[in-house]
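Colleague: Please give me one close look at the disulfides of this model, following each link outward into whatever surrounds it. I would like the cut-offs stated as you go.

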Amino acid sequence: MRYVNIMKQHETMNVKYGVPVLFISCGIFVLLLNILGNRTSFKEPKPFHRNVSRKEVSKGLLDLRNFTYVISPKCKVVNLIWIVTSYAGDISERSALRRAYNTQELEQLGIQRIFLLGKLDQNSERKSQISQAAIEDESRKFQDILQGNFFEAYRNLTYKHLMGLKWIVESCDEISYIMKMDDDIVINLYEILNVMKEKNINNSIAGYVLDNMKPKREPANKWYVTQEEFEPEFYPKFISGWLYVTSYPVVVKLIENLQFSSKYFWIDDVFVTGLLREETDIELIDMRNIFTTDFGFLKCCIKNGRRGFKCEFAVGPNGGDAELQIRFQEFSKVCQSKCKQKSIKKSCVLAYKEKNLGEGSAQIRPINIF
């Protein structure tokens, strides 16, 4: 009898509490499905128009998944993509490069050039007198602008650099090689192409190799790096961001490694060709013999070129003179077959001594915002 009463009691409890428990169980199940779904999919990316603070950059890749393109060109079927980091508010160096190596010549050489830009905030637009509408007009005219949804700032250069590589992986899987350059660097493109033919860069990055470089620890230094940002005493071996050449498979490896990396560093050449690269089997090839850190040597090359002497340098800074790019290209083209080899470095008299590219600090150019 007692057994029957217990069973009746149990049936009453099932009726009383069964329905609410069922609803609660269903709710928990739906919630779990949503949680699991969110692990494999993200919401629509939101722009992050801001500079990245020193505290934030030490904590990881931040809003990289929210990164979007504001302007994105079409990738052409070419042999080499030439990406150039450029400040959106200064068109002079982009103009000089376009005049030095125009689209028609680049097409003949199997090259597509893309300028990498960020966005200008209101203050920068006012000072530079360059609006977003003007940048969009420039893009429509030349079809060579790739712009990301981050502010122009030297602490965002890593975003800019990665943006170019990410776009290449997503859009240009039929190309073979990549050349990355800063827009204030003067080059002999013909000689760089010749050097590339001599070097095996299928699984390497070739440029000016920097080794045993120490972070700047003085707070007054513009390139001051805290222990929180970078703890080791030395940077890994890396390639100067002035210019490097590499292959498409290497860029794919870097971007794939980025997805699994918890590191982030605001000095872009250290991060991309140093920190990201050292976790792969990618090798570095030193081409410092074609670099000069003194634009005076490039001017000597032009002067001596009139006397039929070939320049030993193919890469160097413009010294604040964007037009030097055009004059150096004109000299380089004429000298391809007519000039004889001569050591410009030994014969050129300059007002000051040339410095080693790795002397002082990691190479990173502050963006001039006037």
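Modeller: What follows takes the disulfides in turn, and then turns to a strand and a cavity.

This is a predicted model, in which local features need pLDDT of at least 70 and side-chain atom pairs count only at pLDDT 80 or more, while totals for chains, interfaces and linings use all residues. Residues are numbered from 1 along each chain as its sequence is written, and side-chain values use heavy atoms, with hydrogens and water left out.

The structure holds four disulfides, each being a pair of cysteine sulfur atoms within 2.5 Å. When the bonded cysteines are counted along the chain, the connectivity reads 1-2, 3-8, 4-5, 6-7.

The link between Cys75 and Cys172 has an S to S distance of 2.1 Å, and, with 135° about the S-S bond, it is right-handed. Cys75 sits in the loop between strand E1 (69-71) and strand E2 (80-85), and Cys172 in the loop between H7 and E5, so that distant parts of the chain, 97 residues apart, are linked; helices (H or I, at least four residues) and strands (E, at least two) are DSSP runs numbered from the N terminus. The two ends differ in accessibility: Cys75 is partly exposed, with a relative accessible area of 23%, whereas Cys172 counts as buried at 1% (buried is under 20%, exposed over 50%, partly exposed in between, with a 1.4 Å probe and protein chains only).

Ser171 belongs to helix H7 (residues 157-171), and this serine is partly exposed, with a relative accessible area of 35%. Its C-alpha atom is separated by 9.1 Å from that of Lys76, although the two residues are 95 apart along the chain.

Cys300 and Cys348 form another disulfide, with their sulfur atoms 1.7 Å apart, and its torsion about the S-S bond is about 55°, so this link is right-handed. Because Cys300 lies in helix H11 (residues 295-305) and Cys348 in the segment after helix H13 (344-347), the pair ties together parts that are 48 residues apart in sequence. Both Cys300 and Cys348 are buried.

Cys335 and Cys339 also form a disulfide, their sulfur atoms being 1.7 Å apart. Here the torsion about the S-S bond is about -65°, so the link is left-handed, and again Cys335 and Cys339 are both buried.

Returning to strand E5, mentioned with the loop of Cys172, E5 (residues 177-182) pairs with E8 in the antiparallel sense over five bridges, where pairing requires that DSSP finds at least two bridges between two strands. Strand E7 (residues 204-210) likewise runs antiparallel to E8 and is joined to it by five bridges. Within E8, Tyr244 is the bridge partner of Lys180, and Gly207 also stands opposite Tyr244. Ten of the ten residues of strand E8 (residues 238-247) are buried, so this strand is largely enclosed by the rest of the structure.

Lys76 leads to the largest cavity, whose lining comprises this lysine together with Thr103, Leu106, Glu107, Ile111, Gln112, Arg113, Phe142, Gln143 and Asp144. A cavity here is a set of points on a 1 Å grid over the protein atoms alone where a 1.4 Å probe fits but cannot get out, and lining residues have an atom within 4 Å of a point. Helix H4 (103-109) and strand E3 (111-119) each contribute at least two residues to that lining.

Conventions: 1 Å grid on protein atoms, 1.4 Å probe; cavity = no way out; pocket = protein on both sides within 12 Å on 5 of 7 lines; lining within 4 Å.
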